[in-house]
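This report goes through selected features of one protein chain. Have the sequence and the coordinates open while reading.

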Amino acid sequence: MKGSVIAQRLARVEQHVTELRIVMVCVTVIAGVAQVVARAYPGSEKDPSPWPTIALWTALLLVAGTAVESIWGLARIKTRRRREKKELELHKTLVSVLVEVAKLTKVDVDVAGANVWSIYTPRGGEAPCLFREAHERLSSHPQMSDRAWTKGKGLIGRCWEKGEARFQDWGELQRKHENKSEMNEAAWRQVPDRDRWGFERDEYLDLIRKYQQIIAVPITDSQGKMIGCLSVDIPADRPAPDSRCLDSREVRLVLATAAEGLRSLIPSSTV
């Protein structure tokens, strides 16, 4: 599964709404036809017709279906309002984080990006993953990916695996693998598993070039159980003068404070 969790949930709801409306259109047509035929062939005591009964039941089904759709519609309105409120709170929190990070790191406010991730268990027995609940970057580049992070994969996955804040400056690896062709399959097999960050070779070479540095901190519930994480990154093509500027006590404090406020906006994990 890829993409933000919110987008996927919305897509499923829209699909169900479409399916229900198709069913209702079919029921309406059948009920209308049944009414016309029942009037044309009402039957008699000696020669009963099934159409009046069919017309009655399809009319009842239409009424029941209309009621169900109306009730569900009201529930969707309530859910949408809650979702919009949640999205606004996430947006405000992430923008505030970006502003504070810009002040502390001396980078332009539109450089860094911030993301909120939640632990999500896909259907079908797939491994739990971290999915993006929200993203903010005050510029259009780089575009966010639709990647889902498993435990231990990438810096986001390492944060989840260790349950603690993690930072990575990718500059050394970018310089080491400046020539992608040097990292052939034979060379890749020599790289220790721990240093692969859970990636395949091509994925590894692409992703280490995307960001200069990343930091991620856990989001925990009131019982201290990890339910997601908050990450901030600086892209490689707009690097900060200090390649470890996100790894400061002040930045970590900003993220930790924001993570506490985010716990009420993240669904508690069942993992």
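What follows covers one helix, a surface patch, two backbone angles and a set of salt bridges.

The model is predicted.

**Helix H7**

Helix H7 runs over residues 249-262, which makes 14 residues. At 1.5 Å a residue the expected span is 20 Å, and the end C-alpha atoms are 20 Å apart, so the two values agree. Six positions in this helix are listed with their side chains under cover: Val251, Val254, Leu255, Ala258, Ala259 and Leu262 are the buried residues of H7. They cover an arc of only 135° around the axis, and therefore sit on the same side of H7. An α-helix has 3.6 residues a turn, so residues three or four places apart point the same way.

What do the buried residues of H7 pack against? Their partners are helix H2 (51-105) and the strands S1 (113-120), S5 (211-220) and S6 (226-235). Arg249, Leu253 and Glu260, on the other side of H7, are exposed.

**A nonpolar patch on the surface**

Val25, Val29 and Val33 make a nonpolar surface patch of about 250 Å². Val25 belongs to helix H1 (residues 5-40). With a relative accessible area of 52%, Val25 counts as exposed, because the cut-off for that class is over 50%.

**Two positive phi angles**

Most residues other than glycine have a negative phi. Lys106 is not a glycine, yet its phi is positive, at about 65°. Trp197, also not a glycine, has a positive phi of about 60°.

Where do these two residues lie? Lys106 is in the loop between H2 and S1, and Trp197 is in the loop between helix H5 (185-189) and helix H6 (201-207). Is each of them buried or exposed? Lys106 is exposed, at 71% relative accessible area. Trp197 is buried, with a relative accessibility of 9%, because buried means under 20%.

**Salt bridges**

The count comes to 16 salt bridges. Three pairs, among them one inside helix H2, are set out below.

| Pair | N to O distance |
|---|---|
| Glu100 and Lys103 | 3.7 Å |
| Glu203 and Lys153 | 3.2 Å |
| Asp247 and Arg244 | 2.8 Å |

Glu100 and Lys103 are both in helix H2, 3 residues apart, which is about one turn of the helix. Glu100 is partly exposed, with a relative accessible area of 30%, whereas Lys103 is exposed at 52%.

The salt bridge between Glu203 and Lys153 has its closest N and O atoms at 3.2 Å. Glu203 lies in helix H6, while Lys153 lies in the loop between strand S3 (149-150) and helix H3 (154-162), so this pair ties together parts that are 50 residues apart in sequence. Both of its residues, Glu203 and Lys153, are buried.

In the bridge between Asp247 and Arg244, Asp247 is partly exposed at 25% relative accessibility. Arg244 is also partly exposed, with 43% relative accessibility.

Salt bridges can also join up: Asp108, Asp110 and Arg238 are linked in a network of them.

Key
Residues are numbered from 1 along each chain as its sequence is written. This is a predicted model: local features need pLDDT of at least 70, side-chain atom pairs count only at pLDDT 80 or more; totals for chains, interfaces and linings use all residues. Side-chain values use heavy atoms; hydrogens and water are left out. Patches are made of residues with over 30% relative accessible area and no salt bridge: like charges are joined within 9 Å, nonpolar side chains (Val, Leu, Ile, Met, Phe, Trp, Tyr) within 5 Å. Accessible areas come from the Shrake-Rupley method with a 1.4 Å probe; for residues, only the protein chains shown count as cover. A salt bridge is a side-chain nitrogen of Lys or Arg within 4 Å of a carboxyl oxygen of Asp or Glu. Helices (H or I, at least four residues) and strands (E, at least two) are DSSP runs, numbered from the N terminus. Buried means under 20% relative accessible area, exposed over 50%, partly exposed in between (1.4 Å probe, protein chains only). The expected span of a helix is 1.5 Å times one less than its number of residues. The arc is that of the directions from the helix axis to the C-beta atoms. Contact means heavy atoms within 4.5 Å.
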